[in-house]
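Good morning, and thank you for the time. I would like to take you through one structure, beginning with how its chains meet and then turning to individual strands.

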6 protein chains.
Amino acid sequence: MKSVLTLGEVMLRLSPPNHFRFEQATSLEMEFGGSEANVGAALSNWGIHVRHVTAFPDNELGHSAAAHLRKNGIDDSLIQFSEGRIGLYFLEHGAAQRGSKIIYDRAGSSFSNYDGSEVDWKEVLRNIHWVHWSGISPAISRKSADLTLRILEAAHELGIRVSGDLNYRSNLWNYGKQPHEIMPKLMTLTQVMIAGKRDFNQCLGKDFESFDQAKSFAFDTFHKLQMIVRTKREVHSASFNSLSAHLYTKDQDVSTETFEVQPIIDRVGTGDAFAGGLIYGLLMDQSLEHSLNFAIACSVFKHSIPGDILNGTVEEINEILQGNSGAIKR
Amino acid sequence: MKSVLTLGEVMLRLSPPNHFRFEQATSLEMEFGGSEANVGAALSNWGIHVRHVTAFPDNELGHSAAAHLRKNGIDDSLIQFSEGRIGLYFLEHGAAQRGSKIIYDRAGSSFSNYDGSEVDWKEVLRNIHWVHWSGISPAISRKSADLTLRILEAAHELGIRVSGDLNYRSNLWNYGKQPHEIMPKLMTLTQVMIAGKRDFNQCLGKDFESFDQAKSFAFDTFHKLQMIVRTKREVHSASFNSLSAHLYTKDQDVSTETFEVQPIIDRVGTGDAFAGGLIYGLLMDQSLEHSLNFAIACSVFKHSIPGDILNGTVEEINEILQGNSGAIKR
Amino acid sequence: MKSVLTLGEVMLRLSPPNHFRFEQATSLEMEFGGSEANVGAALSNWGIHVRHVTAFPDNELGHSAAAHLRKNGIDDSLIQFSEGRIGLYFLEHGAAQRGSKIIYDRAGSSFSNYDGSEVDWKEVLRNIHWVHWSGISPAISRKSADLTLRILEAAHELGIRVSGDLNYRSNLWNYGKQPHEIMPKLMTLTQVMIAGKRDFNQCLGKDFESFDQAKSFAFDTFHKLQMIVRTKREVHSASFNSLSAHLYTKDQDVSTETFEVQPIIDRVGTGDAFAGGLIYGLLMDQSLEHSLNFAIACSVFKHSIPGDILNGTVEEINEILQGNSGAIKR
Amino acid sequence: MKSVLTLGEVMLRLSPPNHFRFEQATSLEMEFGGSEANVGAALSNWGIHVRHVTAFPDNELGHSAAAHLRKNGIDDSLIQFSEGRIGLYFLEHGAAQRGSKIIYDRAGSSFSNYDGSEVDWKEVLRNIHWVHWSGISPAISRKSADLTLRILEAAHELGIRVSGDLNYRSNLWNYGKQPHEIMPKLMTLTQVMIAGKRDFNQCLGKDFESFDQAKSFAFDTFHKLQMIVRTKREVHSASFNSLSAHLYTKDQDVSTETFEVQPIIDRVGTGDAFAGGLIYGLLMDQSLEHSLNFAIACSVFKHSIPGDILNGTVEEINEILQGNSGAIKR
Amino acid sequence: MKSVLTLGEVMLRLSPPNHFRFEQATSLEMEFGGSEANVGAALSNWGIHVRHVTAFPDNELGHSAAAHLRKNGIDDSLIQFSEGRIGLYFLEHGAAQRGSKIIYDRAGSSFSNYDGSEVDWKEVLRNIHWVHWSGISPAISRKSADLTLRILEAAHELGIRVSGDLNYRSNLWNYGKQPHEIMPKLMTLTQVMIAGKRDFNQCLGKDFESFDQAKSFAFDTFHKLQMIVRTKREVHSASFNSLSAHLYTKDQDVSTETFEVQPIIDRVGTGDAFAGGLIYGLLMDQSLEHSLNFAIACSVFKHSIPGDILNGTVEEINEILQGNSGAIKR
Amino acid sequence: MKSVLTLGEVMLRLSPPNHFRFEQATSLEMEFGGSEANVGAALSNWGIHVRHVTAFPDNELGHSAAAHLRKNGIDDSLIQFSEGRIGLYFLEHGAAQRGSKIIYDRAGSSFSNYDGSEVDWKEVLRNIHWVHWSGISPAISRKSADLTLRILEAAHELGIRVSGDLNYRSNLWNYGKQPHEIMPKLMTLTQVMIAGKRDFNQCLGKDFESFDQAKSFAFDTFHKLQMIVRTKREVHSASFNSLSAHLYTKDQDVSTETFEVQPIIDRVGTGDAFAGGLIYGLLMDQSLEHSLNFAIACSVFKHSIPGDILNGTVEEINEILQGNSGAIKR
């Protein structure tokens with residue numbers, strides 16, 4: 001059995017039901033999610049053993065978050081219960097011309113206070129085949145950036161493959177550091193990067209005019225880098241998007257067809273589903289083409305599922321690639 | 001007032017709400033449904049007196065099922081309360097590229113144990129103008145096949161018109177008989193068949209290469225057969241289908257236009273709505289063309305209604321044929 | 001701060017959830033709404049001080065209705081608690097080919113019994129910049145027609161601008177008067193009319209063959225009239241409509257582009273959202289073109305919100321005009 | 001099989017969930033109920049054939065009400081679909097020191113407009129063994145009073161037993177007649193009266209100082225009268241009541257023990273459950289004592305069931321009398 | 001009309017439904033509440049004009065909180081929209097032997113950042129007859145303590161009556177000050193104190209052995225002090241409590257009878273309901289005895305209402321004092 | 001960390017919400033539960049590592065059941081996915097005089113088909129400190145009886161302590177064996193028995209007239225037996241019970257006080273909570289008295305929690321023993 005380690009914050013997610021706006025709500029649907037744990041949960045669907053590194057407050061909300069991860073098949077033995085609050089995000093589901101809206105409320109979370117300095121990460125990583133991080137963790141706090149670095153360095157020493165979803169978020173990075181002071185070191189330790197032009201510009205403090213420029217620079221600069229992957233999304237409305245994906249190695253370009261998704265049940269976590277599918281393909285030694293196709297099908301499939309997490313079997317996802325999409329199964 | 005007798009199993013249907021996958025659900029929407037009773041419920045909307053033959057366990061679940069039929073206008077006086085359990089089916093509603101999924105759990109049901117041998121069916125059928133059965137009953141158990149045969153033979157003796165929806169289901173037929181050992185006799189007693197090529201092949205143990213071959217064979221073989229009807233469904237996604245219908249007598253072909261349905265609220269029971277509409281048209285002596293159009297409009301309309309059952313007036317359904325589809329009515 | 005006075009009935013609205021038909025419902029979603037108060041609630045989103053004139057029974061339902069208006073930012077100090085019941089309307093949400101359906105149950109309401117004769121309307125209107133009425137009020141009862149006239153006459157004396165949404169409803173006008181006996185006087189006092197050909201024909205007892213004829217007659221007849229505005233809606237299905245709007249002064253025609261809305265979450269109140277947006281633009285001295293565009297965007301946006309009321313900021317609505325429609329906002 | 005005819009209005013009942021006050025509600029639980037139909041529904045649980053006489057509007061709400069009666073086992077063939085609206089009542093559930101609250105909104109209902117003058121009631125009553133009416137019907141309108149009288153006179157001519165629950169309601173009787181102008185004639189035709197001192201005083205226009213006085217007067221005055229029955233309720237709180245019942249013939253007094261009920265899930269319809277139980281006992285020729293005990297146990301049992309209607313088997317109710325109250329049954 | 005000003009934080013309250021523990025919840029009921037605004041909302045039920053001083057973030061959650069206050073009749077014109085987050089509290093409802101549980105998450109709220117230094121409080125208070133504060137505000141932050149002091153000083157200068165609910169909370173006071181460094185000054189400016197022995201000890205840094213000692217000290221020390229009021233609660237279980245209240249002036253002791261409340265629907269806000277009732281009585285110049293009785297009845301009544309806020313009329317509450325508690329009202 | 005192995009069937013539990021009777025329900029609350037897994041889930045609350053042996057169908061329902069166990073802290077690595085269906089039980093919650101009602105539908109489940117013959121149980125049990133079984137497993141099928149025996153024999157060989165809850169169920173034992181043909185051998189391998197007189201009589205085929213007789217016989221016959229434990233429950237109503245517990249060794253009797261529980265939120269699983277508490281105390285080497293008290297407090301606490309499973313900390317449960325029962329915790 002293959003093992004993956006993911007690391008990152010998991011938040012309590014609260015959403016008005018029935019397409020209500022926040023002011024109309026009298027109850028909120030409750031979920032837990034976070035980019036990297038979402039990736040982990042997708043992988044656990046397919047028989048991968050996933051351990052997630054995070055921290056929660058030692059109260060009922062933190063314990064509920066841990067229970068949620070276990071329910072989704074994630075090994076909870078690396079969860080730290082420590083000082084702080086649980087991060088929150090409020091999500092209003094849009095429809096048609098009204099976009100979905102997220103209000104983050106994550107300052108002071110237990111995760112942001114956790115730097116993992118007391119852990120022997122090489123010991124933890126001994127049976128791990130893949131590590132996945134995202135650009136959200138280093139953006140949260142100095143400690144989270146340190147935690148990420150510690151784990152990536154241990155992975156590097158052990159020769160474990162590393163993927164990173166750069167995922168630049170302008171409303172984070174409030175702790176006094178600029179992305180370009182932190183991110184390059186983490187990128188140096190990463191083989192598979194999920195990133196677009198804007199991510200590269202922001203994380204490197206550059207001003208590339210095209211994705212190609214950014215891509216060339218990255219392959220030149222980061223010697224462990226094996227591939228860059230990005231998705232393209234055309235937003236016709238909050239309920240109707242088109243999706244495709246592209247993968248670049250130094251010498252090869254791979255693309256998928258474009259998928260139209262309508263209606264969108266839940267757009268959140270569709271990028272994480274993509275990352276999960278990509279890691280799965282690469283981890284199972286499938287071709288780049290197959291891996292990328294599986295990844296985009298994961299993303300497409302996730303749009304039909306409420307919550308942050310992709311819940312689907314390999315067979316279900318492959319059916320999308322085989323053109324069987326949406327027939328009733330008895 | 002016209003009277004119709006329908007026969008078949010009615011199951012408790014359980015579905016996750018809000019497009020949840022099964023693993024996400026903490027409650028299940030509760031309904032009752034079964035192909036032939038769904039047909040009956042549709043007919044009762046339009047003033048037809050419908051009696052349904054079925055069996056339930058003599059417990060609260062069986063009594064709830066009977067109450068559900070009464071609520072939907074069906075005469076419950078032929079319901080048998082007898083040994084066994086209530087058949088169940090679990091339905092997960094799909095969306096976009098994720099198809100809906102049904103898990104049947106109907107083995108050992110009261111209906112499967114009921115053969116109707118103690119009933120004087122000619123007496124029961126005395127005031128009935130039409131009998132409707134489906135290929136699901138003979139597929140459930142030997143006793144259910146016997147029950148179906150008993151009723152069709154009585155109908156035959158009394159000259160009552162009979163329609164049958166062949167509806168081949170590969171996951172049934174587990175009681176030691178093959179379809180072709182049972183179905184031909186039932187088809188011999190049927191004037192109106194709803195069936196496609198695959199249904200004919202499976203029910204007759206044949207390997208017809210085209211629907212036309214199957215159709216010719218059927219008209220040659222089954223001397224009571226007056227017409228064969230089939231629907232065509234193109235599945236663009238779980239939320240978007242196109243539908244049309246076709247009716248064949250020995251000398252005539254009738255077709256409807258193609259209707260696009262989006263979004264699909266509930267795809268289950270749309271074939272039964274079609275059968276109900278068809279029987280209504282024929283029973284009320286409307287033209288083949290009118291009957292078929294009404295039938296397809298019933299099916300289209302049913303896609304917008306949650307649950308197994310078509311709930312709509314003749315006027316509402318005719319509006320679809322008149323091109324008024326979807327304007328608000330005050 | 002600008003101030004607007006709106007007047008009209010506010011009803012308790014009751015709707016089956018989950019696209020249920022009425023017969024399937026075991027609970028009803030509860031809202032309050034009424035054409036003119038919906039306009040007022042939209043305006044209060046944007047910082048306008050809105051006072052609404054209406055009457056409710058002095059019981060828990062009437063007080064709930066008042067609380068609902070306050071919640072939506074409306075000044076409740078002109079609400080009368082008086083004899084009668086609360087008007088009701090039952091709304092079944094359609095989907096695809098099944099249109100939404102409204103059952104009104106408003107006879108004998110407190111509003112219908114209220115003529116405002118005890119109020120010094122010139123005093124009330126002293127700080128008001130705009131008055132909005134609709135053709136529903138004069139259609140409800142003689143007293144409601146009188147109330148409307150009293151307020152429009154006071155507005156006229158004070159030189160306050162008046163808009164009216166003619167909104168002809170054939171199922172009202174049951175109190176012994178014909179529209180053309182009542183409406184022309186109210187139209188004489190109105191600068192901005194929202195109306196189509198049918199509204200003019202019904203309200204004036206005419207038989208114009210084209211909107212243009214009606215428009216010419218109106219500009220010739222009503223000397224205070226500054227502009228006529230109408231929306232065009234193409235109903236592809238209950239879930240998919242196309243919308244545009246048109247504004248006519250004596251010498252100028254302004255049109256918007258056509259917007260496609262899919263899926264429609266709630267179609268009710270989309271005309272009121274339009275009226276709200278139009279009044280806002282004109283009140284804030286924006287160009288006719290800008291005002292009309294803002295109004296149609298309000299209407300488009302409202303289709304995505306459950307309930308009667310547009311809840312959205314100026315920025316959110318302008319984004320629709322800027323082509324950003326439906327991207328997630330973090 | 002025994003047959004009972006009941007007559008009376010059936011209303012749509014709307015209640016805030018979760019012990020909310022009206023102002024807090026955003027949805028309303030939906031039920032249908034009316035005193036006499038509640039009695040009929042209880043009787044149908046126990047195998048009695050029940051036909052209910054009432055009238056509904058010919059719209060989706062009226063049809064839903066009829067479906068609800070069918071679901072509860074009531075024969076709907078005497079329901080009239082006619083002019084008017086559906087009567088409504090809004091019910092707020094109390095708890096502890098806060099009493100439940102009902103707002104009636106039933107003026108102008110289809111039932112109030114229905115006098116049954118076109119029906120041959122002797123024909124209808126031919127196979128009926130018992131007729132049950134209540135004092136609510138004659139209080140609603142002159143037509144409802146006429147309808148009641150027509151049916152009681154037909155029952156009298158056919159020698160059918162009649163029970164009446166006087167059930168005086170001060171907020172009705174708004175149509176210009178006083179109870180004592182209408183009720184005595186109906187009481188003359190009644191064998192079994194459910195009534196307390198206040199009911200007698202109001203219905204007869206008397207001022208009896210004790211129940212005994214009223215009782216003596218009634219037995220002296222109404223020669224068909226066989227028994228008077230009343231319940232006693234001590235209200236400790238909205239959640240905790242004590243109940244007992246008393247039955248008087250000319251020469252005999254029968255009483256039950258006192259039952260404590262806590263918590264009360266739904267207090268509405270508990271008097272109707274009592275009446276249903278009483279009629280059942282008398283109709284099945286059980287002793288007065290047994291009938292009264294069964295009746296009070298029906299009432300006790302109903303307090304634990306949401307909605308207007310007693311839903312329970314004879315065995316379940318008898319268990320209360322046998323002292324087995326509340327153990328789990330597997 | 002009398003006017004009251006209240007000041008304090010209003011939080012978003014989130015509770016699992018159906019007596020679920022936090023780990024079981026998949027949705028959370030949503031409410032808003034805060035001790036002082038709860039007092040204000042109760043007062044607004046009875047026709048008092050209430051203005052509430054607080055601060056919210058300028059996002060959808062802050063605007064929802066303001067809408068909630070308006071709905072409950074509170075004048076929102078003194079609400080500040082400013083930097084920070086909305087304070088939260090998570091409430092798990094207990095039952096029987098399981099106590100309710102609150103998790104506060106209010107650090108960094110907009111309210112805690114607001115000191116009201118830019119406001120001319122004497123101007124604001126010009127038409128105010130009463131000011132109410134609680135010991136929670138000065139415990140939250142230095143700024144909140146300053147805000148409270150500013151308002152009390154202005155009230156003092158204008159001779160406005162002031163009530164304070166000391167309400168000591170050990171889990172607050174985290175900003176570096178001890179209660180006795182802050183509270184005495186605020187108490188000096190207060191006429192009506194709601195407090196028990198523990199409150200006095202903690203707020204004054206004393207170690208009184210009895211309430212009487214504390215009371216004497218308080219009357220000796222705080223020269224504006226007119227009365228001290230406290231409630232006594234005996235907790236039999238989470239569902240069953242007994243309540244009484246006591247009021248002390250320098251020369252007089254007043255007590256209420258003891259009320260038993262079962263079941264408790266929502267215990268939160270029952271102290272605020274008490275304070276609201278007390279202020280109402282005193283503000284309306286009722287006797288001390290009447291005021292105290294009304295206050296305890298408010299508290300009893302609130303136990304039956306979900307949410308933070310007492311919603312009830314003077315008549316409903318007086319019925320409790322008249323011994324009519326829990327009978328159904330039609 | 002201590003480790004416990006539990007074995008037994010886990011069923012999908014379906015319950016009408018809101019105290020509805022089955023016929024009223026339109027949705028069912030969904031849970032999973034089974035006596036022995038409930039014990040395991042309680043233990044996992046307190047830091048015990050619990051592995052549960054069971055079997056599920058390899059479909060979405062089986063996977064949901066496994067996810068539910070993981071969420072509740074149970075190690076799922078011994079779950080078998082195999083032929084059969086998921087066992088079901090339908091639970092109607094009673095109130096007051098109406099008892100709760102369970103309809104089992106578990107025939108043909110995957111668990112009943114699983115005999116564990118392919119597993120090396122001594123290997124599995126190597127790090128286990130305690131094994132818990134119940135009399136339900138051997139009552140389900142021959143294979144389940146064999147599975148139980150295999151595990152108990154392995155435990156015996158390894159000297160692992162074993163507890164068994166005899167839990168006689170008359171509606172099981174349908175596979176052709178009598179309890180006394182199967183149970184004695186399992187009891188021989190058990191140190192801690194939870195049982196009353198009826199359990200002993202049924203499991204041993206005896207007719208003891210008193211518990212004491214049964215107890216003596218058991219201590220004489222089963223040489224590994226260390227203690228017998230039983231609970232006493234007095235059922236005042238479905239909402240109000242009294243509970244106590246008693247423990248007997250050969251030479252010692254220990255009893256708890258009696259606890260009154262009102263209202264009961266969910267009575268199911270309260271015996272399993274007791275067993276869990278007892279095992280915890282004994283496993284942690286606490287005194288018999290302490291263990292028994294903790295056990296009864298666990299049972300009391302469980303009555304307040306919806307679902308099958310005790311969810312509470314050691315501290316929360318101990319508070320019940322310390323007399324703090326029901327105060328709000330902030």
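A salt bridge, as I shall use the term, is a side-chain nitrogen of Lys or Arg within 4 Å of a carboxyl oxygen of Asp or Glu. By that rule, 2 salt bridges cross the interface of chain C and chain B. In one salt bridge there, Lys101(C) is joined to Glu316(B), with the closest N and O atoms 2.7 Å apart. Please keep in mind throughout that this is a predicted model.

Let me stay with chain C and chain B. In polar contact between these two chains are 11 residue pairs, both residues being at pLDDT 80 or more. On the chain C side, E7 and E11 each supply at least two residues to the surface that touches chain B. That side of chain C divides into 8 nonpolar, 11 polar and 6 charged residues.

How many residues does each chain bring to this contact? Chain C brings 25 residues and chain B brings 22 residues. Together the two chains bury about 2200 Å², and 50% of that area lies on carbon and sulfur atoms. Within the share that chain C buries against chain B, 28% comes from Arg21(C), Glu23(C) and Gln97(C), more than from any other three residues.

I now move to the other partner, chain D. Here the contact takes 22 residues from chain C and 22 residues from chain D. The buried area is about 2000 Å², with 63% of it on carbon and sulfur atoms. Which three residues of chain C supply more of its buried area against chain D than any other three? They are Glu23(C), Met30(C) and Glu60(C), which supply 27% of it. Glu23(C) thus appears in the leading group against chain B and in the leading group against chain D.

Across the interface of chain C and chain D, the rule finds 4 salt bridges. One of them links Asp105(D) with Arg85(C), where the closest N and O atoms are 2.6 Å apart. The count of residue pairs in polar contact between chain C and chain D is 7, again with both residues at pLDDT 80 or more. Several elements of chain C each give at least two residues to the side that touches chain D, among them strand E2 (11-15), strand E3 (27-33) and helix H2 (60-71). H2(C) gives the most, with 5 residues. By residue class, this side of chain C holds 11 nonpolar, 5 polar and 6 charged residues.

Strand pairing also crosses from chain C to chain D. E3(C) pairs with strand E3 (residues 27-33) of chain D in the antiparallel sense, over 3 bridges. Within that pairing, Ser27(C) has Glu29(D) as its bridge partner.

Let us turn to strands within chain C, starting with E12(C), residues 240-248. Is this strand enclosed or open? It is largely enclosed by the rest of the structure, because 8 of its 9 residues are buried. On one side of the pairing scheme, 9 bridges join E12(C) to strand E11 (residues 227-237), and the two run antiparallel. Arg233(C) has Leu243(C) as its bridge partner in E12(C), and a hairpin of 2 residues joins E11(C) to E12(C).

E12(C) has further antiparallel partners. With strand E13 (residues 253-255) of chain C it forms 3 bridges, and Leu247(C) stands opposite Val254(C). A hairpin through 4 residues joins E12(C) to E13(C). With strand E14 (residues 259-261) of chain C, E12(C) likewise pairs over 3 bridges, and Ser242(C) stands opposite Glu260(C).

My last strand is E8(C), residues 130-134, in which 5 of 5 residues are buried. In a regular strand the side chains alternate between the two faces of the sheet. In E8(C) both faces are covered: Trp130(C), His132(C) and Ser134(C) are buried on one side, and Val131(C) and Trp133(C) on the other. Strand E1 (residues 3-7) of chain C pairs with E8(C) in the parallel sense over 3 bridges, with Leu5(C) partnered by Val131(C). E8(C) is also joined by 5 bridges to strand E9 (residues 161-165) of chain C, again parallel, and there His132(C) is partnered by Ser163(C).

I close with a single residue of chain A. Lys215(A) is found in helix H8 (residues 211-221) of chain A. Its relative accessibility is 14%, so Lys215(A) counts as buried. Leaving aside neighbours within four places in sequence, Lys215(A) is in contact with Ile228(A), Tyr248(A) and Asp253(A).

How values were computed
Residues are numbered from 1 along each chain as its sequence is written. Chains are lettered from A and ligands numbered from 1 in the order in which they are written. This is a predicted model: local features need pLDDT of at least 70, side-chain atom pairs count only at pLDDT 80 or more; totals for chains, interfaces and linings use all residues. Side-chain values use heavy atoms; hydrogens and water are left out. Contact means heavy atoms within 4.5 Å. Buried area is the accessible area (1.4 Å probe) that two parts lose on being put together, summed over both. A polar contact is a pair of N or O atoms within 3.5 Å; within protein, one must be able to donate a hydrogen and the other to accept it, and residues adjacent in sequence count only if both atoms are side-chain atoms. Ala, Val, Leu, Ile, Met, Phe, Trp, Tyr, Cys and Pro count as nonpolar, Asp, Glu, Lys and Arg as charged, and the others, Gly among them, as polar. Two strands pair if DSSP finds at least two bridges between them. Buried means under 20% relative accessible area, exposed over 50%, partly exposed in between (1.4 Å probe, protein chains only).
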